[in-house]
Amino acid sequence: MGVYEELVARGLIAQVTDEEEIRELVNSGKAVFYIGFDPTADSLHVGHFMALCLMKRLQMAGNKPIALIGGGTAMIGDPSGRTDMRQMMTKETIQHNVDCFKKQMSRFIDFSDDKALLVNNADWLLDLNYVDVLREVGAHFSVNRMLTAECYKQRMEKGLSFLEFNYMIMQSYDFYALYQKYGCNMQFGGDDQWSNMLGGTELIRRKLGKDAYAMTINLLLNSEGKKMGKTQSGAVWLSAEKTSPYDFYQYWRNVDDADVIKCLKMLTFLPLEEIEELAKLEGSEINKAKEILAHELTELIHGKEEADKAQEAARALFSNKADTDNMPSTELNDDNFAEDKIGVIELLKTCGLIPSNKEGRRLIEQGGISIDDVKITDPKAELLKSAFEKGHVIVKKGKKVFHKAIFNS
């Protein structure tokens, strides 16, 4: 089975411009391909995970990845899948985010000995002359055709700014520039990027008379059709500082039964034959597949040692053992207390377990919060400093989320 056929078998491929050409290039290791990452935060998140795995798979098959950091396109903001305009970022913030991305990508992609490239589109986009772009690039784009693109539809309902309207042109120019600079003959990306990617292949054809190819991968959706990688407290990040290895492990350990096999196929490097065996598990035995998924992905991001620790901590908590060494924790100080007390809802927010007071009240009223095995029933409940006599309390949210709040007076 070639790498292209494996991508099909794993359910990764959504759309392609020329299947035969792409199959031949990818299977023979002759693809020089890029995937773009706009640095809108200081960490990659689960939404980027599948793209990174795809780059790793293709590099293992002899193809050359180009990781394109969108230091230039981030100055505009991608309207795809958005109902509102993105926050404008300063150049300093964008550069900081770029530096963070580079470090995380190195866990997936081997950049040594010219096996892969990491480039920043700010290097060519920020120096473009506006009139030159209008004449040399804008002449090849039909406004009527652009307005039918899926990436603009949601924004059109509330108002699409001219700034965002230019994003497709900028992304298309990236492909054109990478083709000329590095011989990049393919662009891969999420299925919501299809219109932007076609713009790039068309620009290369019109300007250079050459063929280039595009392939989109399926978005990571759960069985309800919603994007995976979100929790009540926000995104699931690849940075240990933003999402602890334990919380990362727990996210995948707790996926719905209906999603576990799909995630194993799309995100792990386990052989398909092994995954098919796991697909035969039924009832409570499916938890074995969930543990394997959680451990495999945590090891990919944080290394085997952290994955082992997260697994041990999770197993201990599921079996009601008191091992809390590897549990995610938050340290409190005197500033967190008013008159030697802290409200339970405030404690939940400080520990990052809820995004708002409203969510805290809902959880407490539904019996979803316990502290040191005592269920909290009053949203106005408070904890005295004396509750931290042993140095910490254990907060339990629902059946599966545990957190250690530490305070040493």
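Start by selecting F49, F108, F248, Y251 and W252: ring pairs link these residues into a cluster. You are looking at a predicted model, and the count of aromatic pairs in it comes to 11.

**Zoom in on F49 and F248**

Keep F49 and F248 on screen and hide the other rings for a moment. These two form a tilted aromatic pair, with 6.3 Å from centre to centre and 55° between the planes. F49 belongs to helix α3 and F248 to helix α12 (residues 245-253), so their pairing ties together parts that lie 199 residues apart in sequence. Are these two rings buried or exposed? F49 is buried, at a relative accessible area of 0%, and F248 is also buried, at 0%.

**Widen to the core around them**

Next, colour the largest nonpolar core, which has 71 residues. Which residues have the most contacts inside this core? They are F49 and W252. Helix α3 (residues 46-60) supplies the largest share of the core, with nine residues. In soluble globular proteins, nonpolar side chains tend to be buried together.

Now centre on W252 and show its neighbours. Leaving out residues up to four places away in sequence, W252 touches V46, F49, L220, M228, C263, L267, K290, L293, A294 and L297. Apart from this core lies another, of 23 residues, including L117, W124, A177 and C184.

**Walk along α12**

Select helix α12 as a whole. Eight of its nine residues are buried, so the helix is mostly covered. The buried ones are P245, Y246, F248, Y249, Q250, Y251, W252 and R253.

From here, step across to E291, which is found in helix α15 (residues 286-302). What does E291 touch, not counting residues up to four places away in sequence? Its contacts are Y249, R253, Q311 and R315. E291 has a relative accessible area of 19% and counts as buried, because the cut-off is under 20%.

**Follow α10 to its end**

Now pick helix α10 (residues 167-182) and check its length. At 1.5 Å a residue, the 16 residues should span 22 Å, and the end C-alpha atoms are indeed 22 Å apart, so the two values agree. Turn on the surrounding chain: 13 of the 16 residues of α10 are buried, so the rest of the structure largely encloses this helix. Just after α10, select G183, which takes a positive phi of about 70°.

**Stop at the cysteines**

Beyond G183, try C184, which counts as buried at 0% relative accessibility. Then jump to C351, which is buried too, at 7% relative accessibility. How many disulfides are there? The count comes to zero.

**Zoom out**

Finish with the whole protein chain in cartoon view. Its secondary structure comes to 18 helices and 15 strands. Of its 409 residues, 49% are buried. Switch on contacts between residues at least 6 apart in sequence, and 73% of them join residues at least 24 apart. Last, add the surface: the chain exposes about 20,000 Å², of which carbon and sulfur atoms supply 46%.

Terms used: Residues are numbered from 1 along each chain as its sequence is written. This is a predicted model: local features need pLDDT of at least 70, side-chain atom pairs count only at pLDDT 80 or more; totals for chains, interfaces and linings use all residues. Side-chain values use heavy atoms; hydrogens and water are left out. Helices (H or I, at least four residues) and strands (E, at least two) are DSSP runs, numbered from the N terminus. Buried means under 20% relative accessible area, exposed over 50%, partly exposed in between (1.4 Å probe, protein chains only). Contact means heavy atoms within 4.5 Å. Accessible areas come from the Shrake-Rupley method with a 1.4 Å probe; for residues, only the protein chains shown count as cover. A disulfide is a pair of cysteine sulfur atoms within 2.5 Å. A nonpolar core is a set of buried Ala, Val, Leu, Ile, Met, Phe, Trp, Tyr and Cys residues joined through side-chain atoms within 4.5 Å. The expected span of a helix is 1.5 Å times one less than its number of residues. Rings of Phe, Tyr and Trp (its six-membered ring) pair if their centres lie within 6.5 Å; planes under 30 degrees apart count as stacked, over 60 as edge-to-face and the rest as tilted.
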